[in-house]
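Work through these short exercises with the model in view. Try each task before reading its solution.

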Amino acid sequence: MKTQLIAPLFFSNYFVGLLAVTLAMETNFQLQLQANSFVFYLLVFSVTIVFYTRAYLPLRNSVANTSPRTNWYRENHRFVRFSQLTLLIISAFAVVWSIIQFKDVPRLKGWQWLVLVSLPLVALLYYGFRKHAPGLRRIGWLKPLLIGYVWAGTVNVFPVSYLLAEEKSNVIADGFMQWLFIKNWMFCTANAILFDLKDYANDANKQVKTFVVQWGLRTTLFLIILPLLLIGFLSFIIFSYYNRFPIPVVLINAIPFLLLLYIAFTMQKRKAILYYLVVIDGVLLVKACCGIAGSLIAA
């Protein structure tokens, strides 16, 4: 009964949309900026769901099997199509409304412009343009890096750029943004690598060379995930130094890093799909809450 109640929220990717909004809010708190507009959060929420659901649209024609997620998309294909169309319309409305509200071109550094401009391109190339051009996600080792990159750009650079375009904020110190971006890129990449564990058997059969398929779980944990988390946390330490965060704030923000590391070392056994969706994606929600809480303490 509990599974039936929570499965639609996670299978439909609506929870992922909420994660994108909360992580974007975390950026505003950590950079001590005002919140973005409702239209901005609506745009981030809608585009995130559309992007992630794109991979599961073909499942409406699949046959019943042992995968709960595949069966859910097969049984709810009408709702999924309606949801996608509705969210696409909302996204288009939000883009047009935002452009009308913009008052100036954001004053960004070169690397920030590079991230901002590359986000839609990377998102398009991720799936590919044609049926026989499957996209960058087929490159197993590159897939989590791209996912982490898009997440960091969406929840770090995009919110700040939006505020600057509306002239609701002054120029943000480049050092603050840079280290915050690296922290989130490394964290989200490590999170994506853990999520690849659910597709281990399928990726191996299709010869998709993810880190786990190539090197195995133990090597991936010690040589990939652990270094990524260390780089991410070191970036936060530098960011904290810029902001003169007190020790309690640093400790609170260390919680999601330690939690993700703990989850990684408990994944010796294969888990159900909802475990990956609830626990691994849930770490991102914990991260956002810890970042916001730490910023409130530091204020």
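**Exercise 1. Find how much space lies in the second largest pocket, then describe its lining.**

Solution. About 1000 Å³ of space lies in this pocket. A pocket is an open set of points on a 1 Å grid over the protein atoms alone, with protein on both sides within 12 Å along at least five of seven lines. Grid points are joined across faces, edges and corners, and the volume is the space filled by probe spheres set on them.

Next, the lining. It has 40 residues, and those closest to the pocket centre are Val-47, Leu-119, Pro-120, Ala-123 and Thr-154. Lining residues have an atom within 4 Å of a point. α3 (38–53), α5 (77–101), α6 (110–127) and α7 (143–165) each supply at least two of them. Helices are DSSP runs (H or I, at least four residues), numbered from the N terminus.

Last, the classes. The lining has 32 nonpolar, seven polar and one charged residues. Ala, Val, Leu, Ile, Met, Phe, Trp, Tyr, Cys and Pro count as nonpolar, Asp, Glu, Lys and Arg as charged, and the others, Gly among them, as polar.

The model is predicted: local features need pLDDT of at least 70, side-chain atom pairs count only at pLDDT 80 or more, and totals for chains, interfaces and linings use all residues. Residues are numbered from 1 along each chain as its sequence is written, and side-chain values use heavy atoms, with hydrogens and water left out.

**Exercise 2. Count the cavities of 30 Å³ or more and describe the largest.**

Solution. There are two such cavities. In a cavity a 1.4 Å probe fits but cannot get out. The largest holds about 50 Å³ of space. α3, α4 (68–75) and α5 each give two or more residues to its lining. α5 gives the most, with four. Among the lining residues are Ser-12, Trp-72 and Phe-79. The lining divides into six nonpolar, four polar and no charged residues.

**Exercise 3. Is Ser-37 buried or exposed?**

Solution. Start with its place: the loop between α2 (14–30) and α3. Ser-37 has a relative accessible area of 18%, so it is buried (under 20%; exposed is over 50%, partly exposed in between; 1.4 Å probe, protein chains only). Leaving aside neighbours within four places in sequence, Ser-37 is in contact (heavy atoms within 4.5 Å) with Tyr-162 and Glu-166.

**Exercise 4. Which residue lies over the face of Tyr-56?**

Solution. Arg-69 does, at 4.2 Å from the ring centre. The rule asks for NZ of Lys or CZ of Arg within 6 Å of the ring centre and within 35 degrees of the ring normal.
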